[in-house]
Amino acid sequence: MTDTTATTGHRKGRRISLHVLGPVLALIALVILGASLNSNFLSYGNVTNVLARSAFIGIIAVGMTFVITAGGIDLSVGSMAAFVAGVMIMAMNAMIPTLGVGVSLVMAGMAVALVTGFSAGLINGFLISKVGIEAFIVTLGSMGIYRSLTTWLADGGTLSLNFDARSFYRPVYYDGLFGIAWPIIVFALVAILGELAMRKTPFGRHCAALGANEQVAKYSAVKVDRVRMATYVLLGMLVGVATIMYVPRLGSASGSTGVLWELEAIAAVIIGGTVLKGGFGRVWGTVVGVLILSLIDNILNLASIVSPYLNGAIQGVIVILAVVLQREGKSAD
Amino acid sequence: MKRRDIFKGAALGLALAAGPVAAQDESYTIGVAIPSATHGFMGGLNYHARAAIERLEATYPQLEFVLATAGDAAKMVNDIEDMVATRDIDALVVLPFESEPLTSPVQAVKEQGVWVTVVDRGLSVEGIEDLYVAGDNTGFGRVAGEYFAETLGEGDNIVVLRGIPTTLDNERVDAFNAAIEGSGINVLDMQHGNWNRDDAFNVMQDFLSKYDDIDAVWAADDDMAVGVLEAIDQAGRSGDMWVVGGAGMKEIIQRMMDGDPMLPVNVTYPPAQIATAIELTALGLVSATPVAGRFIIGSQRITPENAEQYYFPDSPF
């Protein structure tokens, strides 16, 4: 029954003001703060840096928006990204003798990343929707599994991509189209497609229905298991996409790759206005959330106004403030 | 307070009785508890621990080893308790995950008459361990600082990447600051890169946006140096500055051997210190060689000329 979502959507429509504007206001405030603290803040180089480094978390957070909207959670994405990166690097190194260094090698590497991400998401989704284990537990478990598999693959050290292959693959992170870096383009595409999928497709509506009330969704002929599984598979694929952009940056992966990415992605989703209990999701809000998180880091580095020991505290305060602004709008109803 | 003193006295007596005794036909078990290989340095440490154990088992058939790696302090405590309860160890070599939570469990082991060797991170109560083996954090900062002071002069600008906020990091940075004091070098900024490649990459990108004139970078760790070098390369400023990392990661040492002008020197902080600790402990058990005391492994300057001695191609770090 789409009744629940329809009502929610309607109510949102009426009280659009603060609830929607909260994170956007926070973002604008941060941009003004940054620009006033340092004249290089709005320079082409710095803007590119910030957007490009947001891309990894951003691409993952778009997928996380669907998972959370459908009432789930995925704690394994950071470890999964490290694992996918490790597998991708090892596969590419192994394929150099047969494929040589060239476009086909990079394509094969990308395919490996997508397939690994897909499979990892499928396993999470299967255990959660078919076997019926709590998402928190499944993904907490797989978080540990992927993390230690990565450490094991790297033998406790770092997996590095072959030097020539890396030089060839490097432009995927550092170059771009019309002066816009590839990670930014991919992030934008993923965000736009995600927004469309959430707003305009049955899949988006089914996610919201499932997150709002599983029983009602089931009686409304939503294939609950399949939708839930699809959200985790989609997220796994997007982890693969993020990894494809990540590997050319430093050409390496280790046990410390992607640590706490899951929390950053989840925080970005919530800052953006998606409800943690599920039932309502907003992809563009997630994008704003991701930008807020990486801007805070950037501003703290550029400004060095406070002791670096306090960076974490300032981040925490801004994250909470962004959500408080949003909740004030909501508490009116 | 009093009870503790009595225990200490008892422990000392026991230690004297059960300490290293030279008896060739007797067999001994040595427990080794170290953090698991979650990042480059610990990966190297795990490798050297395994290598040392293999070597010693071949040399001394009467020695047996129990190796346990732990991902957190609580698991390390459990591992140590298990070693004492089920394997009846004669000596314990431990790199405490954290000083505070490991202090009383290790003290309890000591009170049962087991020889205790502590590596790298000290316990929070002094005098528990029989042997202390560690790298030289003060020296690590000082040796790097001395190179900066020798090479740079009045008005040159540097930036510094720090590790995870810890006392260890503070000791290094304080020693570095002391070494460059009076040289007129201008430290533009210090931020935490958390000994992590990605974090260091981001911090360095921001330093490069913020400052037009940087002459050198103290990255303080080779994992961070990798991220720093990449950020400098991206900004197209490779000719403008050089980078000093630390700990001697094999990829960095390799580049130094190839004569990379951006990596003039490096400073050691060897993960192989665990091998020193295990070897000395074993030596104390199988012979009458006195090994009690403190063994601080100096931090040395690696240059392109002597880099080959510090290159371990088989180690993961």
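Are A:Arg166 and B:Glu230 buried or exposed? Both residues are buried in this model, which is predicted. Their side chains meet in a salt bridge, with an N to O distance of 2.9 Å. A:Arg166 belongs to helix 7 of chain A, residues 163-169. B:Glu230 belongs to helix 8 of chain B, residues 222-234. The pair therefore joins two chains.

Side chains of opposite charge can pair when their charged atoms come close. Over all chains, the structure holds 18 salt bridges. Two further examples, one in chain A and one in chain B, are described here.

In chain A, A:Arg228 forms a salt bridge with A:Glu214. The closest N and O atoms are 3.0 Å apart. A:Arg228 lies in helix 12, residues 224-250, and A:Glu214 in helix 11, residues 214-219. The pair thus ties together parts that are 14 residues apart in sequence. A:Arg228 has a relative accessibility of 16% and counts as buried, because buried means under 20%. A:Glu214 has a relative accessible area of 30% and is partly exposed.

In chain B, the salt bridge partners are B:Glu279 and B:Arg55. Here the closest N and O atoms are 2.7 Å apart. B:Glu279 sits in helix 10, residues 273-286, and B:Arg55 in helix 2, residues 40-59. These helices belong to chain B, so the pair ties together parts that are 224 residues apart in sequence. B:Glu279 is partly exposed, with a relative accessible area of 28%. B:Arg55 also counts as partly exposed, at 42% relative accessibility.

Salt bridges that share partners also build a network. One such network joins A:Arg166, A:Arg170, B:Glu230 and B:Asp233. The buried pair described at the outset, A:Arg166 and B:Glu230, is thus part of this network.

A polar contact in chain B was examined next. The side chains of B:Thr117 and B:Thr281 are joined by a polar contact of 2.8 Å. B:Thr117 is found in strand 4 of chain B, residues 115-119. Its relative accessible area is 0%, so B:Thr117 is buried. Which residues does B:Thr117 touch, not counting residues up to four places away in sequence? They are B:Leu92, B:Val93, B:Val94, B:Leu131, B:Val133, B:Ala277 and B:Thr281. B:Thr281 is thus both a residue that B:Thr117 touches and its partner in the polar contact.

Technical notes: Residues numbered from 1 in each chain as written. Chains lettered and ligands numbered in written order. Predicted model: local features only at pLDDT ≥ 70, side-chain atom pairs only at ≥ 80, totals over all residues. Heavy atoms only, no water. Helix = DSSP H or I, 4+ residues; strand = E, 2+ residues; numbered from the N terminus. Buried < 20%, exposed > 50% of the residue type's maximum accessible area, 1.4 Å probe, protein only. Polar contact = N/O pair within 3.5 Å; in protein donor to acceptor, adjacent residues only side chain to side chain. Contact = heavy atoms within 4.5 Å. Salt bridge = Lys/Arg side-chain N within 4 Å of Asp/Glu carboxyl O.
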